[in-house]
Amino acid sequence: MIVGLDASTSTVGICILDKKGEIVQNYFLKLKKQKELCTKGDVLKDELERIQSKYDITQVFIEDYAQRMARGTSSAQTITRLAAWNGICQYLSYQIFHVQPEVLNVARARKTLQIKTQSKKKTGIPVKDQVFTWVTKHLNAQWPTKILQSGPRKGQEVILEEAKDMADAWVVAKAGYISSQTL
């Protein structure tokens, strides 16, 4: 079985695929309450151990962190923190599953699945949202929702923001699955 991780410091998207590349589980792990990377690592470790006790994981794919600054989005401090977190995710995966995790470039993963995106400048839509829309249509996905409790949209049901992390985790897992089948 395969685990795909979209590893950000606030939410980790986790997708587990079977040996045929079908979704077994696709969910997220919230880490916003933990402020330090070490305590975030403790929470992730517990979750990976839970997965390991339930499934025979033979491959782990982790989305690579942004390695360069994008205008208005990533500071050097953010990139450094994401690199450290990505390393923690890789180490924990290796320790728990006894498998060398593969780090996948997000652009390569999207290309493997033939997800075509355009810059936000051209479309007015962030790339992450374009990917989310593609995955939603492709999987005919039903994402977790919540009812807004206040504000102008009070009472309205909306898709959780973390669903985008779930979609990204599926992209990483599925692209890893496809690339491992062609070897």
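The following exercises, each with a worked solution, concern a predicted model.

Residues are numbered from 1 along each chain as its sequence is written, and side-chain values use heavy atoms, with hydrogens and water left out. In this predicted model, local features need a pLDDT of at least 70 and side-chain atom pairs count only at pLDDT 80 or more, while totals for chains, interfaces and linings use all residues.

**Exercise 1. Aromatic pairs**

Determine how many aromatic pairs the whole structure holds, and classify the pair of phenylalanine 132 and tryptophan 143.

Solution.

Step 1. Rings of Phe, Tyr and Trp (its six-membered ring) pair if their centres lie within 6.5 Å; planes under 30 degrees apart count as stacked, over 60 as edge-to-face and the rest as tilted. The search of the whole structure yields 2 aromatic pairs.

Step 2. The ring centres of phenylalanine 132 and tryptophan 143 are 5.2 Å apart and the planes stand at 35°, so this pair is tilted.

Step 3. Locate the partners. Helices (H or I, at least four residues) and strands (E, at least two) are DSSP runs, numbered from the N terminus. Phenylalanine 132 belongs to helix α5 (residues 127-139), and tryptophan 143 to the loop between α5 and β6 (145-147). The two residues are 11 residues apart, and the pair links distant parts of the chain.

Step 4. Assess accessibility. Buried means under 20% relative accessible area, exposed over 50%, and partly exposed in between (1.4 Å probe, protein chains only). Phenylalanine 132 has 11% relative accessibility and is therefore buried; tryptophan 143, with 10%, is buried as well.

**Exercise 2. The crossing of α5 and α6**

Describe how the axes of α5 and α6 are placed, and state which residues make the contact.

Solution.

Step 1. Axes are lines fitted to C-alpha atoms, for helices over the stretch in contact, and angles run from 0 to 180 degrees between N-to-C directions. The axes of α5 and helix α6 (residues 163-181) come within 9 Å and cross at roughly 70°.

Step 2. Angles under 35 degrees count as roughly parallel, over 145 as roughly antiparallel, 65 to 115 as roughly perpendicular and the rest as oblique. The helices α5 and α6 are therefore roughly perpendicular to each other.

Step 3. Contact means heavy atoms within 4.5 Å. On the α5 side the contact includes Lys128, Phe132 and His138; on the α6 side, Ala163, Asp165 and Asp168 are among the residues involved.

Step 4. Ala, Val, Leu, Ile, Met, Phe, Trp, Tyr, Cys and Pro count as nonpolar, Asp, Glu, Lys and Arg as charged, and the others, Gly among them, as polar. By class, the contact of α5 with α6 has 9 nonpolar, 1 polar and 5 charged residues.

Step 5. Consider alanine 163, a residue of helix α6. Alanine 163 is buried, at 0% relative accessible area. Beyond its neighbours within four places in sequence, alanine 163 is in contact with Phe132, Trp143 and Pro144.

**Exercise 3. Aspartate 6**

State where aspartate 6 lies and which residues are in contact with aspartate 6.

Solution.

Step 1. Aspartate 6 is placed in strand β1 (residues 2-7).

Step 2. With a relative accessible area of 4%, aspartate 6 is buried.

Step 3. Neighbours within four places in sequence are left aside; the contacts of aspartate 6 then include Lys128, Asp165 and Asp168. Each of these three is also part of the contact between α5 and α6.

**Exercise 4. Cysteines**

Find how many disulfides are counted, and explain why cysteine 89 has no bonded partner.

Solution.

Step 1. A disulfide is a covalent bond between the sulfur atoms of two cysteines. The rule applied here requires a pair of cysteine sulfur atoms within 2.5 Å. The count is 0 disulfides.

Step 2. Cysteine 15 is in no disulfide, and the nearest cysteine sulfur, that of cysteine 89, is 16 Å away.

Step 3. For cysteine 89, the closest cysteine sulfur is in cysteine 38, at 12 Å, which is too far for a bond.

Step 4. Cysteine 15 is buried, at 0%, and cysteine 89 is buried, at 0%.

**Exercise 5. Positive phi**

State where histidine 98 and glutamine 114 lie, and whether each is buried or exposed.

Solution.

Step 1. Most residues other than glycine have a negative phi. Histidine 98 has a positive phi, near 60°, and phi of glutamine 114 is near 60°.

Step 2. Histidine 98 lies in the loop between α2 (76-97) and β5 (102-104), and glutamine 114 in the loop between α3 (106-112) and α4 (120-123).

Step 3. Histidine 98 is exposed, at 65%, and glutamine 114 is exposed, at 61%.
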